[in-house]
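Work through the exercises below with the sequence and the model at hand. Try each task before reading its solution.

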Amino acid sequence: MKIEGRKSLRPEQGDKRNVNLAQKKNKTQQKTDVHIFLSNQYQTMRNSIFFVVVVLFFWEGFMVCQLLQDNCRSGATLTLTSPGGGAVYSQCGATIDKVEAKEAPAVHFEQVQPGTLYTLVMVDPDAPFRDSPTQKYWLHWLVTNIKGDNLISGNVLGGDEIKQYNPPTPPKAKPGTPNPHRYLFYLLEQNGTSDTSLVNPQSRGQFKLDEFVSANGKIVASFQYTTSY
């Protein structure tokens, strides 16, 4: 019996095998490159999201600290007097009869800076109902460019009345729920010309109080009273 030896590869067969191996390596390398690229993109996206979350977190904290707590603030307090020299309110958080607030109060504040103009804002954070304030903040009164001397005297407020005084009108509470409304007064020391672009001439509801304060100065005094239906 004649046993034939293993046939040797012809040169063209060896070249073909080498080409196939090279192609496989290229495909493997391409897959690896794609995987690395996608991994880098994913990591970049995660880093971007993390950065945005951190920025939003600190911004929210800043806004809470810098701007508004819907209750009495620490610091200077405004004094309100009913028209005609009536009741005087100087204790923040007092409860009053809404009848006493039918007309705009006289506003008194002595710690003013010479040559500085002020803005007075009155809002309701509980409109229409305290447990569902869909119209927060309801803008009751807005006066800009108030002279410091007028605040010291507490007689004529002067300035530019952007929104006429709208007295408290809290609706009747839903059955089984209380509905006392808080009325907040903020006195801003203007940082220049007052910007009233955030005031909607057609509506008082959903006033962007925090943005307005940020754009117009700093709060130097405040007051709050509560009244009900």
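**Exercise 1.** Break down by class the lining of the second largest cavity, and state which residues form the lining.

Solution. Start with the classes: six nonpolar, three polar and one charged residues. Here Ala, Val, Leu, Ile, Met, Phe, Trp, Tyr, Cys and Pro count as nonpolar, Asp, Glu, Lys and Arg as charged, and the others, Gly among them, as polar. Next, the names: Asn71, Cys72, Arg73, Cys92, Leu184, Phe185, Tyr186, Ser222, Phe223 and Gln224. Then the elements: S8 and strand S9 (217-227) each supply at least two residues of this lining. Last, the volume of the second largest cavity is about 30 Å³.

A cavity is a set of points, on a 1 Å grid over the protein atoms alone, where a 1.4 Å probe fits but cannot get out; lining residues have an atom within 4 Å of a point. Grid points are joined across faces, edges and corners, and a volume is the space filled by probe spheres set on the points.

The model is predicted: local features need pLDDT of at least 70, side-chain atom pairs count only at pLDDT 80 or more, and totals for chains, interfaces and linings use all residues. Residues are numbered from 1 along each chain as its sequence is written, and side-chain values use heavy atoms, with hydrogens and water left out.

**Exercise 2.** How much space lies in the largest cavity?

Solution. The search of the whole structure finds two cavities of 30 Å³ or more. The largest holds about 70 Å³. Its lining includes Leu80, Tyr89, Glu100, Tyr165 and Tyr225. By class, that lining has seven nonpolar, two polar and two charged residues.

**Exercise 3.** In what order do the three strands of the open sheet run?

Solution. The order is S2-S1-S4, with antiparallel pairing. Strand S2 (88-89) and strand S4 (106-108) are at the edges with a single partner strand each, so one side of each has no neighbour in the sheet. Strands are DSSP runs (E, at least two residues), numbered from the N terminus; two pair if DSSP finds at least two bridges between them. Strand S1 (residues 79-81) and S4 share three bridges. Thr79 stands opposite His108 in S4.

**Exercise 4.** Which peptide bonds in the loop between S5 and S6 are cis?

Solution. Take Ala127 to Pro128: cis, omega near -5 degrees. Pro128 lies between strand S5 (117-124) and strand S6 (138-147). Now take Lys136 to Tyr137: cis, omega near -10 degrees. Tyr137 is also placed in the loop between S5 and S6.

Key. Helix = DSSP H or I, 4+ residues; strand = E, 2+ residues; numbered from the N terminus. 1 Å grid on protein atoms, 1.4 Å probe; cavity = no way out; pocket = protein on both sides within 12 Å on 5 of 7 lines; lining within 4 Å.
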